[in-house]
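User: I have a model open and I'd like to go through it piece by piece. Can we start with where the chains touch?

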Amino acid sequence: MSLGKEMSLKKMSRTHVNCTINGDEVDFLTTDATSLLDALRDEVGLTGAKEGCGTGDCGACSVLVDGRIQCSCLIFAPEAEGRHITTVEGMADGEHLHPLQQTFLEGAALQCGICTPGFLLAAKALLDENPAPTETEIRYGLAGNLCRCTGYDKIIRAVQEAAVQLKGA
Amino acid sequence: MKYAAPTTVDEARSLLADNPGSRVFAGATDLIPQMRSGRPEPAVLVDLKRIDQLMAVSHGEGKWTIGAATPTADLTRNGAFSGMFPGISEGAGLIGSDQIQNRSSLGGNLCNGSPAADSVPALIAADARAVIASSDGTRTVAVAEVVTGPGQTSLADDEFIVEFEIDDAPANTGDAYLRMIPRTEMDIAVVGAAVRLTMDGDTVTDASVVLGAVAPTAVRVPDAEAALVGSRLDDDTLAAVSAAASAACNPIDDKRGTIEYRTQVAGVLAKRAAVIAADRAQNGA
Amino acid sequence: MTATEHPPAYKYVGTRPIRHDGYDKVIGKARFAADLNLPGQLHGAIHRSPHAHAKILSIDTSAAEAMPGVKVVVTGDDFPALDPKNPNFDLAANIIARGVAYYHGHAIAAVAANTKPEAQAAAAAIKVEYELLPAVLSIDESMADGAPLVNETNHTKFVPPGEPSNLSTITNLDRGDVDDALAAADVVIEREFDCAHVHQGYIEPHACVVDTGPDGKTSVWCSSQGHFRVRSMTADVLGWDKSRVKVTPAEIGGGFGGKTTVYLEPLAARLSEKAGKPVKMVMSREEVLRATGPAPEAKMKIKIGATNDGELTAIDGWMAYGVGAFGDMAGLIGAMSVASYKFPNLRMETYTALTNTPKSAAYRAPSAPHAAFAIESVVDEVALELGMDPIELRLKNAAVEGDLTAMGMPHPRVGLVECLEALKASDHYNSEVPEGAARGVAVGFWFNIGEESSATVNLNEDGTATVLTGSPDIGGSRASMALMAAERLGIDVYSITPVVADTEAVGFTDVTEGSRATFATGKAVVQACDMIIDELKKRAASIMSVDVDQVAWVDGAAVSAGHGGGEGGEPLTLAAITAQAKRTGGPLTATASLNAAGAGPSFAVHCADISVDEETGVVSVLRYTAVQDAGTAIHPSYVEGQFQGGSVQGIGWALNEEYIYNADGVMDNASFLDYRIPVASDLPLIETIIVEVPNPAHPYGVRGVGETGIVPPMATIANAINAATGVRMTSLPMSPPKLLSALNKRSK
C-alpha cells in the first residue's frame, strides 16, 4: 500500500479502496482528499453517519474502525483500505436491535435524531471496553458527541440501562 | 493531492525526498480542520500509521519508547506507562474526545506546533527526546527543542519524528498535568501546567515545571523549579511557585482567554499540579 | 415525576409509547435533508462577504464560470427586487446581497457545479470589488446619536414613515405610577445587564435539494421547522406563485427556532432553474455560525421596588436587543415576555437595534431569556435584601388568572403558583445544599402561540389510521399526534401512522414554533377525529339500522342500545365499520383546519446547586431541577425531554456560549470547538417535575412546552453564583475569565 513515484505523478485519479463495512466486503473509488465520511455517504450509500461540523468537534460522524470509535470526518477515505468499519447501519443483528438501540427508543433518548447514530456507536465502544461504567465515566466517554436536544439526561440513562441488559445477557 | 501509506521508515523517507511539498500525518485531527479552513493541500499526504515502528510502545534498557504515530488512547490505556508517568498520560489523554484519542498522537500533537498542545508540557518536564528521521539518517533532540513558535518546528521539510524516548523516572518521582478549559472536555487548553517532582521524604530534591498555552511555545519555569527544590511544599513555597509561573507567562488575548486570566490561572495550576506530583512521588500514582 | 391537579382517566394520553419515527432514527435509516440525492444533481456553494459592511461595486464571475464542472453562477441580479412592503423584503436581501453586504458572511453569489469541491473552488474564485462602509458592531454604537446607518432600507416599525433608522421597534409600556411607587418602596434594587449573541446550535447544518423543472414547477426537500413557510418564502424571493413550489420536509436535525426561516432554498431553486438540473446545497458548520440567525444580543437596566413584607410594587425597565442587520421585533417580544409578577406599577421601555452582524432568528422563547436573566436576578437581590426565601417572595407576587402581563393582557388560567409550590415540595429544594455549593432559583415564562393548522385523518380498510399533519416533528410530536388520535378514536396508538405531509398533501399549517404543534395541530387532529367519529356513527347507524342519534362512540366502537341486544348493545368496532366502508358510502376520511385560539402560557421554575472554583472562575453544576406547567403531558417522556433540553441550552448560554467578534465584525469562534455548547461531562442529570394545570382551550389541556425551559437557567445559575460567592454576575456568559475577574474585584 505504498505510493510509487509513477503513481504520484498522476493527477486527480481516483483511488480504489477495499474494506469491510458492517461485515460486508466493500470497494469504492475515491479521491484522496475525500473524507471517509463523504465516501461512506456518497460512494458507499450509507448515510447513517452525519456531518455536524466536519472538524471532529461533534461526533455525529462517529464510526468504529477496527472496533475503535473515530470521527469519520477526520479520516481520509484511502485510510480505510483493509479496515473493518462499523456504521450505525451495522449495529442491529438483522431484525434484532442492539440493546443500546432498544434502550434509546424506550427511554426517549433521542429527539431530532441527528446525533443518535454517533451516540449509539460511541456508547457501544464505551460499553465494549467498560461494561459497567459509572455515570461520570459515561459522561466523559460520550463527551465527544454533541446533542443539542436532550440535555443528555435520557441518553445517559439509556446507556446505563443497556449496560445492565448487556451484563444480564 | 495524493495519499501514500508507506510501511517502513525508509519508504516514508524516500516519499518525502521525492515529493517536495509533502506532509506526514498520523491522526489528521489537526490537519483536516486546517485544510477545511483553507490551508493549502500538500502534494502528497504521507500516512505514518502503517509503519509498525511508529505505532509501538515498548519498555527496556531503562527507557520507554513510544512510536510517534501511536494513538494516545494506547498510551493512556497502558497501565505500566501511566503508572510511571501519570502526568504524561493525563496530558495525552486530554487531547480531545475518545474519537480523537483513537487518532491523535504524541508526534502530531507536538509537530502541529500549538503552544496549547496538552501532551507537550509533561513530556518536556520528563526530559523526553524525539528521534527524528531525515534523508540521511536519524537524529535525537530534546522535545523542548522541537517547537520554535506557533505552528513552527525545527524539523526540516523532509524530516519526521519516528519515536519518543523517555528515561524511566527515578525512584520517588511523580508528575502531573492540569489544564484549564471552560468546559470539562473538547476544548483547547487556555492554560496547561506540568510539574514533575522527585522527593526525599517530604523534601523536594528535583523539580520540573512547564507551562503550556501562555507563550509562543511551552515554557519551562526555572524560578518555580528553584523554589520547589529543597522545599517541603509549604504554603510559602506554593505561593512562590504560583508567582514564578505567572511571571513566566507571555500570553496573548484571544477567543480562548485573556492575558490577565491566563497569567493568573497559570499560577493556580502550577501550584495545584505541584501538590499532585508530590503526592504521587510519595505515594505512587 | 408529575404533579397533576385532577388526573383525568385517559387511556393513551399521558402514556409513553415508543415514537413511531424512532426505529428509523436508531438504525440510520431516517432521511435528513443532506441524506437525499437526486439523479444528475449539481452541488451548490456560496461566495460570502469578507466585510461587515460594504458597498458592492462589481462582481466578476467569469473566472468561476470557466472552471471545471461549473454549470451556473447567480448573484443578486438574478433575483427580483421586492417591494419594500413585501413581508419577505428583508429575507430576500439577507438571502443574497443586492448592492450592499450588511455583515461578514452575507451571501454575495452562488455557484452550482458537478461536485461540491468544484463548486467551492469556483465560489472562491469569484472576484468582488467593495467600497467599505462604516460597520456598526454593538447596541451602544447603533443607538448612539449620529450613528452610521446599519441598513439604509430599515425604518422603525409601527410609527409614521420617516428617515431610515437603526431602530426597528420602540415600545413604551406604562401602568400605575412607577416613580411614586419606587419613591415609596422600602427596598429598591437596580442593576444593568448584558447578553452576547448565542446560536441555536442545532447539530444538523441547513441543507436542501431543489429541482426546478422546465415547466417551472419546483420541488424542494429541506430541513425546516415549517415547510409551508419555506414554500411562501421561496416563492416570494423568486417572485413566483406559491403553487409552483412543492416542499417536502425531510427529518429535521434540530431547529430551536433557527429553522423557521430560509437561507438556501431560493438560491438552490434559481441555480436549478438556470442549470436545468437538481441542485443540492449543504452548509458547513462555519457557514451556519457566520451566516444564519443567532439569538439577539441585549443590554438591560432593571429597577424593582418592594415593600418590607415582600410585595413587588414597581418595575422600571429598559431593554435593547441587537438583532443584526435587518429589522426584527425582538424588543417588542421582550416586553411581551415580562409577565411573571403582578407589578401594580410598571414602566418598560424596549428597543430593537440593528448592527452589522448576521440577521437574528428565533431561538426558543425568543427575547424572553434575556429579560428573565435581568428581572429574575434583581428579584433575587430583593429577596436577599429582605431576607426572604426566594420561593416565598415569588409566591407572594406570582401572576395568577386575571393578572396583567406587561403588555396589559390578562393572564388566562396559569400555573406559576403550582410550579413554585411543586419546587417548594420537591426533594431537591428540601435537600441540604451540599458542602461547598450554593443554590439558586428563578422563574421563566413564555406565552406560546396558536396559529393555523390542518390535519387529515384517513381510516384504512382494516381499521388502522393515518394521521397527516403539516407540522414538522422536531422532538416527538408525531407520537403526540398519534396519542391524541388514539385517545379520541379509541384505537391502539400503534395502529395509527402519524405523517408529516408535504405542502401538496395536507392543508396549510404554520411553522412548528411558539410551542404550538401539540397545542394547535393537536387540536386540528382531535377535531378531524371528531369529524370522522360523527361519520363512523352514521355508518354504524346504517349498518345497525338505528337512528344515528341512538349511536354513541365508546372505546373505539359504535354502541347503540337498540343493536344486538344487551344493555349497551353489541359494539360495532371501528375496524368492523371500515371493513364495510365501500358499502356504506365510501372511504372514511376527514380534514380539519383551524386558527387555534387560546394558547396556554407555560411557566417554569428552575433550581440549581452549583459550586465555584474561586481560583479559576469555573462553575460546576451539581444538581438541577426543572419544574414546568405542561397543561397536560401527552407523551411525558418528550415533555421531560423539552424541559431538559431547554435547561441545558440555558446552562450553556449562562456559562460559555457567546459570539466573539473581532474589531472588524468577524466572528472569531465559528466552530463547535470554540462556540462551546455543553458536553455530557459538563452536566448532572436534569430532574424534572411536570406540573399539569390543564389549558381549558385544548381538548386534553395542552399548553405547549417547547420554549419556556430555556428562560430560567441564566438567572438560576447567576443567583446560585451570587449565593456561592457574593458576586452578582450581570453579563452573559458568566465564563471563567469574567467570573474570575469579578471575584478579583470582590476581594480587593
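Analyst: Yes. This is a predicted model. The contact between chains C and A takes 42 residues from chain C and 43 residues from chain A.

User: Which elements give two or more residues to the side of chain C that touches chain A?

Analyst: They are helix H1 (22-26) and helix H19 (636-655) of chain C. The largest share of that side comes from H19(C), with eight residues.

User: And how many nonpolar, polar and charged residues are on that side of chain C?

Analyst: The side of chain C that touches chain A has 21 nonpolar residues, 16 polar ones and five charged ones.

User: Okay, chain A now. What is the strand order in the open sheet of five strands?

Analyst: The order in chain A is E2-E1-E5-E3-E4, and the pairing is mixed. Strand E2 (24-30) and strand E4 (68-71) of chain A stand at the edges. Each has a single partner strand, so one side of each is left without a neighbour in the sheet.

User: How many degrees is the twist, from one strand to the next?

Analyst: In this sheet of chain A the twist averages 40 degrees from one strand to the next.

User: In what sense do E1 and E5 of chain A pair?

Analyst: Strand E1 (residues 15-21) and strand E5 (residues 84-86) of chain A pair in the parallel sense, over two bridges. A:Ile21 stands opposite A:Ile85, which is in E5(A).

User: Which strands does helix H2 of chain A lie across?

Analyst: Helix H2 (residues 36-44) of chain A lies across E1 and E2 of chain A, and runs at about 100 degrees to E2(A). Helix H4 (residues 116-129) of chain A also packs on the sheet, where it touches strand E3 (62-65), E4 and E5 of chain A. The direction of H4(A) makes about 40 degrees with that of E3(A).

User: Switching to chain B. How many helices and strands?

Analyst: Chain B has eleven helices and 14 strands.

User: How does its radius of gyration compare with that of a compact globule?

Analyst: The two agree: a compact globule with 285 residues would have a radius of gyration near 19 Å, and chain B has 19 Å. Along the principal axes, the C-alpha atoms of chain B fill a box of roughly 60 × 45 × 30 Å.

User: What percentage of chain B counts as buried?

Analyst: Of its 285 residues, 60% count as buried.

User: And the contacts in chain B, how far apart along the chain are the residues?

Analyst: Among contacts in chain B with a separation of 6 or more, 65% are between residues 24 or more positions apart.

Definitions and conventions. Residues numbered from 1 in each chain as written. Chains lettered and ligands numbered in written order. Predicted model: local features only at pLDDT ≥ 70, side-chain atom pairs only at ≥ 80, totals over all residues. Contact = placed C-beta atoms within 7 Å. Helix = DSSP H or I, 4+ residues; strand = E, 2+ residues; numbered from the N terminus. Nonpolar A, V, L, I, M, F, W, Y, C, P; charged D, E, K, R; others polar. Pairing = 2+ DSSP bridges. Axes fitted to C-alpha atoms, helices over the stretch in contact; angles between N-to-C directions. Rg over C-alpha atoms; globule rule 2.2 N^0.38 Å. Buried ≥ 20, exposed ≤ 12 C-beta atoms within 10 Å, placed from the backbone.
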